[in-house]
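Me: Could you take a close look at one part of this model for me? I would like to understand how its pieces meet, and I am happy to read a long answer.

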Number of protein chains: 2
Amino acid sequence: MELDSGIGVPANIAAAWGLRERPGKGPKPGLTLDGIVAAGIRVAAADGIGAVSMSRVAAEAGASTMALYRYVRAKDELLELMMDAAIGDPPPIAPDAGWRAALTAWAWACRELYLAQPWTLRVPISGPPATPHQLAWMDAGLTALADTRLREEEKLSIVLLFSMYVRNEATVAVDMQAAVEAVDTSLDEAIATYGKLLRLLVDPARFPALARVIEAGVLDRADEPYEEFVFGLERILDGVGLLIAQRAGS
Amino acid sequence: MELDSGIGVPANIAAAWGLRERPGKGPKPGLTLDGIVAAGIRVAAADGIGAVSMSRVAAEAGASTMALYRYVRAKDELLELMMDAAIGDPPPIAPDAGWRAALTAWAWACRELYLAQPWTLRVPISGPPATPHQLAWMDAGLTALADTRLREEEKLSIVLLFSMYVRNEATVAVDMQAAVEAVDTSLDEAIATYGKLLRLLVDPARFPALARVIEAGVLDRADEPYEEFVFGLERILDGVGLLIAQRAGS
DNA sequence: CGTTTCTGTGTACGTTATACGCAGCACTAG
DNA sequence: CTAGTGCTGCGTATAACGTACACAGAAACG
């Protein structure tokens, strides 16, 4: 924290932590990093990351395109800052209620955050988590496992596993939502259309197992959007539970 | 298959299935779709998807940029075709050895495929699986679960869960590999650098659980690259195993 | 043989990120 | 108080991108 002049800190990470020395020599800056990031988030929320171009953000922030480069090294850095600002701090985690309840709450909170700001899922990941809010979420996830006898290494792996899972499931949900909106139809109808397509394409002789799934009518109607999420979440929680029980027993 | 004139089949899917009517009226085509796709794959394999531009692929295929558009509706479609060609057919799955062994083999095969062709991970997913090889992989995964008493719906969810997991874990592995190569260092060193960075940034008062992980030395050295993959895979397999046992019991 | 329809290609347009240079401002050294 | 210096915002310029469009020519059909 104090060692902001540590040479080892990559530039984009440093920016995310707010350690950017701006010596008071030249004219007063007319913009602020936070303002630019907020402008970027406004654009992304309104029209998706596809609309987040430097010129568009600059217009939203009330400046010229090139002015942004006085605050941000490149577009990637802006995106990373937007991401960090968007995810914010995790809700408080109480491991007293048990690791399973705590991790479940963590996962749901994470999912809601993604669904509320779908553009965050389109920001390309640029490295291991190192921005303040990313670390805060990791800490929260680890806290959920604090009372178990897992090895620290295992806790980290598990949190990453869940983090990955939630992110992916949210991506799928958002993609489906986007596809549905693009054709202006209902979720049920979209699934049914997909089912019909597969019925057309899948030769039962070539893909017998898949044909059985289709014949069972799985793709004729849509589940509630969160049911798929719950299913996978429960499986992984079960698997982790086994390991926790094993470690507790030894 | 035969109903290629089905109006419901999206254009890109139709292309992937090879149903594209090219009536014999005009001059003989000088290129082939397969040739173009192969050229695209050659470019991607050599220099990554970033290098896959229409002009570059055209040059590789020995034609002008715009010639590609006689075979491909847009760049997205080309990428989808490249993807489908790259994943190929899954290895034969023998559920006789048990669902767990079969799913494990499936997951490893899938992972190897991603690692061998890292660019496939950067191709944006454009919809639910519908190309021939994608469906073949799905069928193979479902076959692994064929002898269980799971509901068809559950089988599908489980295969998607694994598919997602493998894809993500491979993405992380490839990203790490790329980062390591970019700085021209070793994996161990890269992890250690990350550990040092976190030691610098993480205030134990603010992120106690995370600080404990770091203090435990988890980030001082790298595991074998596949260990993280195995860990998550085993957890999910365990979780799925619980459900299978439950369904078998009832 | 004309007509039709498809082929490959060149040109042109709109966007993108961003390197560079300039004019002016605010602070610091003298 | 007065240079000087290093920062500010900005306009211009460049290179690359996907692709719409128009055109010349080739092959098949009537």
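Reply: Gladly! This is a predicted model, and a good place to begin is the seam between the two domains of chain A. Across the interface of domain 1 of chain A and domain 2 of chain A, the rule finds 0 salt bridges. Polar contacts are found there, however: 5 residue pairs, with both partners at pLDDT 80 or more. On the domain 1 side, the elements that give two or more residues to the surface touching domain 2 of chain A are α1 (11-16), α2 (33-47) and α4 (75-87) of chain A. Of these, α4(A) supplies the largest share, with 7 residues. By class, that side of domain 1 has 12 nonpolar, no polar and 2 charged residues.

To place this seam in the chain, the domain assignment gives domain 1 as 11-86 and domain 2 as 90-184 + 220-249 of chain A. Their C-alpha centres lie 28 Å apart. In the contact between them, 14 residues of domain 1 of chain A meet 15 residues of domain 2 of chain A. Together the two domains of chain A bury about 1,300 Å², with 71% of that area on carbon and sulfur atoms.

It helps to set this beside the interface of the two protein chains. Here 57 residues of chain A are in contact with 57 residues of chain B, and the two chains bury about 5,200 Å² between them, 74% of it on carbon and sulfur atoms. The salt-bridge count between chain A and chain B is 0, while 9 residue pairs are in polar contact across the interface, both at pLDDT 80 or more. On the chain A side, two or more residues come from each of α6 (132-144), α7 (152-183), α8 (187-201), α9 (208-215) and α10 (225-249) of chain A. The largest share, 12 residues, belongs to α7(A). By class, the side of chain A that touches chain B divides into 40 nonpolar, 5 polar and 12 charged residues.

Now for the DNA, starting with strand D. This strand is surrounded by 28 residues, and the closest are R22(A), R70(A), Y71(A), K28(B) and K75(B). Sugar and phosphate make up 58% of the strand D atoms that come within 4 Å of the protein. Y71(A) places a polar side-chain atom 2.3 Å from a phosphate oxygen of DNA strand D, and K28(B) has a side-chain N or O atom 2.6 Å from a phosphate oxygen of this strand. S64(A) takes part through its backbone, where a polar atom is 2.9 Å from a phosphate oxygen of DNA strand D. The surface near strand D has 13 nonpolar, 8 polar and 7 charged residues.

DNA strand C is likewise surrounded by 28 residues, the closest being K28(A), R22(B), P27(B), R70(B) and Y71(B). Of the strand C atoms within 4 Å of the protein, 57% belong to sugar or phosphate and the rest to bases. K28(A) has a side-chain N or O atom 2.5 Å from a phosphate oxygen of DNA strand C, and for K75(A) a polar side-chain atom lies 2.9 Å from a phosphate oxygen of that strand. G26(A) uses a backbone N or O atom, 3.2 Å from a sugar or linking oxygen of DNA strand C. The surface near strand C has 14 nonpolar, 7 polar and 7 charged residues.

Technical notes. Residues are numbered from 1 along each chain as its sequence is written. Chains are lettered from A and ligands numbered from 1 in the order in which they are written. This is a predicted model: local features need pLDDT of at least 70, side-chain atom pairs count only at pLDDT 80 or more; totals for chains, interfaces and linings use all residues. Side-chain values use heavy atoms; hydrogens and water are left out. Domain bounds come from an automatic or database domain assignment. Contact means heavy atoms within 4.5 Å. Buried area is the accessible area (1.4 Å probe) that two parts lose on being put together, summed over both. A salt bridge is a side-chain nitrogen of Lys or Arg within 4 Å of a carboxyl oxygen of Asp or Glu. A polar contact is a pair of N or O atoms within 3.5 Å; within protein, one must be able to donate a hydrogen and the other to accept it, and residues adjacent in sequence count only if both atoms are side-chain atoms. Helices (H or I, at least four residues) and strands (E, at least two) are DSSP runs, numbered from the N terminus. Ala, Val, Leu, Ile, Met, Phe, Trp, Tyr, Cys and Pro count as nonpolar, Asp, Glu, Lys and Arg as charged, and the others, Gly among them, as polar. A residue is near a molecule or strand if one of its heavy atoms lies within 4 Å of it.
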